Amino acid sequence: MKFTLSWLKDHLDTTASVDEITYALTDLGLEVEGVENPLDALRDFTIGKVKTAEKHPDADKLRVCVVETDEGDKQIICGAPNARAGITVVVAKPGMYIPGIDTTIQVGKIRGIESHGMMCSEREMELSEEHDGIIELSSGKVGERFIDWLAEHDPAKVDPVIEIAITPNRQDALGIRGIARDLAARGLGTLKPEKTALVPGTFKSPINVTIDADTRGDDGCYLFMGRMIRGVKNGPSPQWLQDRLRAIGLRPISALVDVTNFFTYDMNRPLHVFDAGKVKGDLRVHKAKAGDSIVALDDKDYALEEGMVVISDESGIESIAGVMGGLHSGCTAETTDVFVEAALWETRQIAATGRRLKINSDARYRNERGIDPAFNAPAMELATQMIIELCGGEPSEVVVAGEVPDWHRAYKLDTDRVQSLVGMEISAKDQIATLESLGFVIDGNMAQVPSWRPDVQGEADLVEEVARIASLTKLKGKPMARTQPGVPRPILTPMQIRERDARRTAAALGYNECVTYSFIDAGSAALFGGGTDVTRLENPISSEMSHMRPDLLPGLLQAAARNQARGFMDLALFEVGPAFHGGEPEEQHVQVSGLLVGHAAPRDPFGSRRAVDLYDAKADAEAVLAAVGAPAKAQIQRNAPGWWHPGRSGQISLGPKNVLAVFGEVHPKVLKALDVKGPAVAFTVFPERVPFPKTRSATRPALVLSGLQAVERDFAFVVDQGVEALTLVNAAAGADKALIESVRVFDEFSGAKAEAQMGAGKKSLAISVRLQPVEKTLTEKEIEAIAATIVEKVGKATGGVLRS
């Protein structure tokens with residue numbers, strides 16, 4: 001929506017500057033998208049007077065002029081044919097930017113003679129396309145700013161143009177008067193009285209209007225008013241009207257058409273004019289039939305769909321109702337009789353017709369948002385008056401079909417409630433004054449909504465209007481009152497804290513967080529133990545989102561596949577969110593899942609690049625578990641779900657049933673199904689299964705360090721090839737839980753050489769056991785006794801014997 005400052009001042013008596021107006025508009029919710037202010041580019045140009053103009057000694061078409069300026073006499077070389085002594089000109093001094101030629105001029109020599117400035121043409125100052133000579137002013141004082149001279153003698157050329165964005169709920173701001181009303185309510189001036197007119201008809205209109213029964217009211221057209229004006233002379237519109245239309249980007253066409261465009265922007269009142277000499281019989285508002293077509297004013301042929309509302313005469317369709325008129329009955333320079341239309345259309349059918357026909361007109365833009373139903377008759381009178389003033393003619397009586405819909409409604413204004421919702425101290429008197437300045441009528445505690453505000457649909461909208469005019473920029477932050485004295489309770493729940501800590505830990509480990517959909521396709525869900533009717537959506541938005549996800553890994557693997565398809569082969573992704581094992585609200589659980597794909601490091605000359613393996617996933621799973629408060633000692637078990645590699649995966653658990661995490665390689669069949677190129681390892685942590693501490697404290701427990709010397713002993717056992725290292729480690733750790741601090745594997749000897757030394761089907765596993773005494777230093781005898789127990793426990797659990 002564009003308008004000029006002078007046009008705004010037709011409705012608003014104000015002395016506010018352009019900056020003050022634009023700031024207020026944005027604050028009022030009418031966001032300013034741009035300002036074209038010619039004053040900014042022409043601010044430094046001044047008026048001068050040519051004292052002498054002599055022929056250049058080395059150029060026939062150049063003049064060496066002496067120009068009187070506010071800085072004294074300046075020598076300026078000029079090639080304009082009208083450069084001569086005695087004329088008043090516009091001077092640009094060295095160092096000034098000339099917008100029309102996109103150049104900053106300097107002192108220069110032209111054919112050996114210095115020139116200290118420039119005398120400008122209108123095109124060089126972007127005032128018009130005139131460039132046959134320099135500007136000659138009829139008056140002006142030497143040194144006077146050119147913009148001041150223009151403001152007095154030709155204000156249209158320095159009229160700032162403001163463009164604002166209109167939200168769909170502010171139909172009233174599509175007219176300049178609506179914008180002026182908001183600014184007046186803010187206090188940037190006084191709204192001028194609305195113009196009125198009453199033009200009596202001198203004869204009955206030979207053209208009548210009817211609305212078909214299936215097109216009345218909500219079905220298409222509420223009201224159609226029209227009148228003929230005969231004997232008009234349709235020529236160019238006056239200069240002031242042309243200047244305004246050009247300023248906002250419209251092309252002046254003719255007086256009759258320009259009047260309709262003027263009211264469209266001035267009062268948000270689209271009008272249409274038919275050449276009455278081309279209308280056959282009466283006009284009829286009805287719905288189009290399949291196969292109907294029309295050549296519109298844009299000279300395009302439109303095939304109409306059944307149900308679109310149109311206006312026809314006896315010969316055929318003459319207009320697409322509320323969207324665009326037809327070329328056949330359009331007004332031309334030969335038009336002498338005109339039929340003026342002012343109608344009120346149903347907004348949804350206008351929008352549907354415009355979208356289907358792909359017509360974006362000013363009329364459609366306003367009619368589909370809604371116009372003032374009470375302004376139909378006044379608009380007809382004002383338009384008639386303006387047409388007669390510009391084109392002459394004799395008006396007929398107004399013909400009317402339909403009726404104005406009932407727009408009256410009122411809502412309760414609770415001034416105390418407004419203050420509590422807005423958060424500002426606004427007196428009841430100011431609230432009432434605000435609404436009255438916007439056109440509301442206050443009757444007791446009820447606010448009657450004006451006809452031009454269809455967006456106001458309840459008490460909440462009254463609050464919004466008061467807050468909008470008062471300016472939310474005046475809100476001051478106030479701390480919320482505490483519900484109880486002392487230190488407030490934590491905002492986050494313990495589980496939310498765990499999720500936060502898990503998220504931060506995964507990010508610190510180098511993973512990138514993903515947020516994937518909770519819905520996946522049935523095939524992917526089936527790969528991860530889901531895809532049943534229990535988790536199927538009743539109304540999925542697509543076949544690829546038919547089921548609730550049973551695990552976070554499908555989303556991460558699909559994200560990895562998309563990244564690999566775009567050349568990113570090494571990935572570290574994680575997600576924290578719910579997975580679903582049923583359709584009820586309580587049948588969901590939180591997971592923390594991480595996925596590593598490709599290699600652990602980039603290529604380098606030191607050979608550090610290697611493929612990710614299950615131990616990477618295990619280490620990261622243990623880090624996340626530690627962050628959420630899991631016990632340091634846990635069991636590693638097999639029996640991971642079927643989407644994990646059966647021989648390269650494991651579960652971290654507290655006992656056989658409480659599984660805290662799963663880690664390992666993703667099963668090759670899953671990678672193939674989801675088009676992920678391996679290797680790919682992952683982990684899934686279940687933070688809800690980690691037991692909370694029995695006692696809660698805001699501080700960390702005291703650090704316990706032993707002052708006694710720790711002892712380490714190494715053992716090498718010969719076991720069968722099928723014995724798992726974990727079984728051996730757990731057996732050794734169980735020899736003395738009080739003294740044994742840790743057990744770790746540091747060597748494995750297997751293969752043909754091992755079998756040659758130890759026997760077929762055998763291997764050697766070497767462990768290091770760390771003993772930490774608590775009460776006293778261990779004696780050699782006590783250490784030997786523990787070592788014997790370790791050997792005994794390992795022998796019972798694995799059948800292993802010490803390697804000789």
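This short talk walks through a predicted model, from its nonpolar cores to its sheets and its salt bridges.

Before I start, a word on the ground rules: residues are numbered from 1 along each chain as its sequence is written, and side-chain values use heavy atoms, with hydrogens and water left out. Since the model is predicted, local features need pLDDT of at least 70 and side-chain atom pairs count only at pLDDT 80 or more, while totals for chains, interfaces and linings use all residues.

Let me begin with the inside. In soluble globular proteins, nonpolar side chains tend to be buried together. By a nonpolar core I mean a set of buried Ala, Val, Leu, Ile, Met, Phe, Trp, Tyr and Cys residues joined through side-chain atoms within 4.5 Å, where buried stands for under 20% relative accessible area, exposed for over 50%, and partly exposed for what lies in between, with a 1.4 Å probe and protein chains only. The largest such core here has 78 residues, and those with the most contacts inside it are L8, I21, L25, I164, I179, L183 and F263. Helix α10, residues 376-391, gives the largest share of this core, namely seven residues; helices here are DSSP runs of H or I with at least four residues, strands are runs of E with at least two, and both are numbered from the N terminus. If we set aside neighbours within four places in sequence, F263 is in contact, meaning heavy atoms within 4.5 Å, with N268, R269, L271, L382, A383 and M386. There is also a second, separate core of 34 residues, which includes I211, L304, V310 and I359.

From the inside we can turn to the surface. V295, L297 and L327 make a nonpolar surface patch of about 220 Å². Patches are made of residues with over 30% relative accessible area and no salt bridge, with like charges joined within 9 Å and nonpolar side chains (Val, Leu, Ile, Met, Phe, Trp, Tyr) within 5 Å; the areas come from the Shrake-Rupley method with a 1.4 Å probe, and for residues only the protein chains shown count as cover. V295 itself sits in strand β19, residues 293-295, and it counts as partly exposed because its relative accessibility is 36%.

Now to the sheets. One open sheet has seven strands in the order β30-β33-β34-β38-β37-β36-β35, with mixed pairing; two strands pair if DSSP finds at least two bridges between them. At its edges stand β30 (512-513) and β35 (635-637), each with a single partner strand, so one side of each is left without a neighbour in the sheet. Within this sheet, β37 (residues 658-666) and β38 (residues 680-685) run antiparallel to one another over five bridges, and A661 stands opposite V685 in β38.

Just after β34 there is a glycine worth a look: G598 lies in the loop between β34 (588-597) and α17 (614-627). Is G598 buried or exposed? G598 is buried, because its relative accessible area is 5%. Its C-alpha atom is 6.0 Å from that of M569, although the two residues are 29 apart along the chain, and beyond its neighbours within four places in sequence, G598 is in contact with M569, D570, A611, V612 and P679.

Further along, strand β39 (residues 711-720) pairs in the antiparallel sense with β41 (residues 762-771) over 10 bridges, and there D714 stands opposite S768. Strand β39 also pairs, again antiparallel, with β42 (residues 801-802) over two bridges, where L802 is the bridge partner of F717.

Last, the charges. A salt bridge is a side-chain nitrogen of Lys or Arg within 4 Å of a carboxyl oxygen of Asp or Glu, and by this rule the count comes to 44. In one of them R43 joins D40, with the closest N and O atoms 3.0 Å apart; R43 is partly exposed at 35%, whereas D40 is exposed at 54%. E665 and R648 form another, at 3.4 Å, and this pair links strand β37 to strand β36 (residues 644-654) across 17 residues. E665 is buried, with a relative accessible area of 18%, while R648 is partly exposed at 41%. Returning to β39, its residue E712 forms a salt bridge with R770 at 3.2 Å, and that pair reaches strand β41 across 58 residues. Finally, R170, D172, D182, R453, D455, E465 and R468 are linked in a network of salt bridges.
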